[in-house]
Amino acid sequence: MLSSVAHQTLVGKSLKESLLHYQTSSSAYLSAHIQTMLNTLGGGKSNVGDIFNSGLLLDEEHSTLVLLGEIGKTPETLYKSALIHRAKLLTDVNRLKTWGDNIIKIGVGLIAFVVIGGLLSLIFNIAMNQGAF
């Protein structure tokens with residue numbers, strides 16, 4: 001959402017127009033957050049950090065947006081914030097992917113170990129019960 005609103009403001013749309021445009025094609029959940037942003041904007045706030053304080057962003061991201069918002073350049077601020085948020089999100093996703101892959105590999109290895117152990121035990125039991133030894 002930050003990237004979309006940033007791109008719309010970079011091409012000359014106002015922040016209000018960008019939020020309204022994005023609100024028309026968003027889910028009810030996101031639309032409620034955008035309405036909160038529009039209400040804050042209508043209340044006279046100009047810092048994008050204050051405007052985007054709807055509970056949608058992570059606290060860390062919101063704090064960064066408040067600090068960047070003090071610069072006053074809304075399009076650049078939103079774009080920089082979107083890049084920071086994207087980088088953090090990609091880092092978290094990559095970390096989850098790495099851990100998930102490792103956990104799945106360990107789980108599959110354990111299951112294979114148990115299955116092979118069970119098969120060996122079954123073969124040994126059959127051989128012992130047949131009187132082969």
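Biologist: Which residues does Ser31 touch, not counting residues up to four places away in sequence?

Modeller: In this predicted model, Ser31 touches Gln23 and Ser26 once those neighbours are set aside. Ser31 itself is found in helix H3.

Biologist: Does one call Ser31 buried or exposed?

Modeller: Ser31 has 19% relative accessibility, and it therefore counts as buried, since buried means under 20%.

Biologist: How should one read the packing of H2 and H3?

Modeller: Two packed helices are described by the angle between their axes and the distance between the axes. Here H2 and H3 pack at an angle of about 160°, and their axes are 10 Å apart. The two helices are therefore roughly antiparallel to each other, because an angle over 145 degrees counts as such. H2 passes H3 in a left-handed crossing. On the H2 side, the contact is made by Leu15, Lys16, Leu19, Leu20, Tyr22 and Gln23; among the residues of H3 that take part are Leu30, Ser31 and Ile34. These contact residues divide into 9 nonpolar, 3 polar and 1 charged.

Biologist: Which residues touch the most other members of the largest nonpolar core?

Modeller: In soluble globular proteins, nonpolar side chains tend to be buried together. In this structure, the largest nonpolar core has 17 residues, and Leu15, Leu19, Phe52 and Leu78 touch the most other members. Helices H1, H2, H3, H4 and H6 each give two or more residues to this core, and H3 provides the largest share, 4 residues.

Biologist: With which residues is Leu78 in contact, leaving aside its neighbours within four places in sequence?

Modeller: Leu78 is in contact with Leu2, Val5, Ala6, Thr9, Leu15, Val48, Phe52 and Leu65.

Conventions: Residues numbered from 1 in each chain as written. Predicted model: local features only at pLDDT ≥ 70, side-chain atom pairs only at ≥ 80, totals over all residues. Heavy atoms only, no water. Core = buried A, V, L, I, M, F, W, Y, C linked by side-chain atoms within 4.5 Å. Buried < 20%, exposed > 50% of the residue type's maximum accessible area, 1.4 Å probe, protein only. Contact = heavy atoms within 4.5 Å. Axes fitted to C-alpha atoms, helices over the stretch in contact; angles between N-to-C directions. Parallel < 35°, antiparallel > 145°, perpendicular 65-115°, else oblique. Left-handed = near helix turned anticlockwise from the far one by under 90°. Nonpolar A, V, L, I, M, F, W, Y, C, P; charged D, E, K, R; others polar.
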